[in-house]
Amino acid sequence: MRKVVISLFAFLASTSFAVAADTGCDAFKWPVAREQALFPAAPAAQSGAALAVGQAVDFSLEAVNTVSFEVPPERAPAAGTFGATANVTVPPQGELQLSLSDEAWIDVVQDGKTVKSAAFSGVKTCPGIRKSVRFKLAGGAAIIQLSGAKKADLKVAVLTPE
């Protein structure tokens, strides 16, 4: 009887760990497998970089009070946090999906105005990916503004939604 109880406990414990692992990245509203593939080899980038759709970069962020934002961030960044800006050419269909490795605020600016996000998904249990935000934009130039990051480095993937 004791062996049965121990075996049952071991089985339940392993099942709980498997369920916990499955709720990690699968808990996003959409797949993040492309980000998982891009982030490990993401090249270094500085604030002001030009980003290409289908690419990820590893930003070296600056103190947020030294970043020249096109428009003030929608959410005022806390003192002592970090940020950056980047330029991107939005494809003609106008949709972008921006995914971040850690917590930070994302604004996308087009024609001098902040564009509201169309969808958001955030998960704290996915190793290496914290949030993914989708935007519906006009094709052409846009500025990505990152602010409120607690660390001075942040990986960012610029993709089109699947």
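The following exchange covers the disulfide and the largest pocket of a predicted model.

Student: Which residues form a disulfide?

Tutor: A disulfide is a covalent bond between the sulfur atoms of two cysteines. The cut-off here is a pair of cysteine sulfur atoms within 2.5 Å, and one pair has its sulfur atoms 2.0 Å apart. By this rule the count comes to one disulfide. The pair is C25 and C126.

Student: How many residues apart are C25 and C126 in the chain?

Tutor: C25 sits in the loop between α1 (2-22) and α2 (33-38). C126 sits in the loop between β9 (119-122) and β10. The pair links distant parts of the chain, and the separation is 101 residues.

Student: Are C25 and C126 buried or exposed?

Tutor: Buried means under 20% relative accessible area, and exposed means over 50%. Both C25 and C126 fall in the class buried.

Student: What handedness does the link of C25 and C126 have?

Tutor: The angle to look at is the one about the S-S bond. For C25 and C126 this angle is 90°, and the link is right-handed.

Student: Which element gives the most to the lining of the largest pocket?

Tutor: The largest pocket has a volume of about 450 Å³ and is lined by 24 residues, with R75, A104, W105, I106 and K131 nearest its centre. Two or more lining residues come from each of β7 (105-110), β8 (113-115), β10 (131-136) and β11 (140-149). With four residues, the element that gives the most is β7.

Student: How many nonpolar residues are in the lining of the largest pocket?

Tutor: The lining of the largest pocket includes eight charged and five polar residues. The nonpolar count is 11.

Notes: Residues numbered from 1 in each chain as written. Predicted model: local features only at pLDDT ≥ 70, side-chain atom pairs only at ≥ 80, totals over all residues. Heavy atoms only, no water. 1 Å grid on protein atoms, 1.4 Å probe; cavity = no way out; pocket = protein on both sides within 12 Å on 5 of 7 lines; lining within 4 Å. Points joined across faces, edges and corners; volume = space filled by probe spheres on them. Nonpolar A, V, L, I, M, F, W, Y, C, P; charged D, E, K, R; others polar. Buried < 20%, exposed > 50% of the residue type's maximum accessible area, 1.4 Å probe, protein only.
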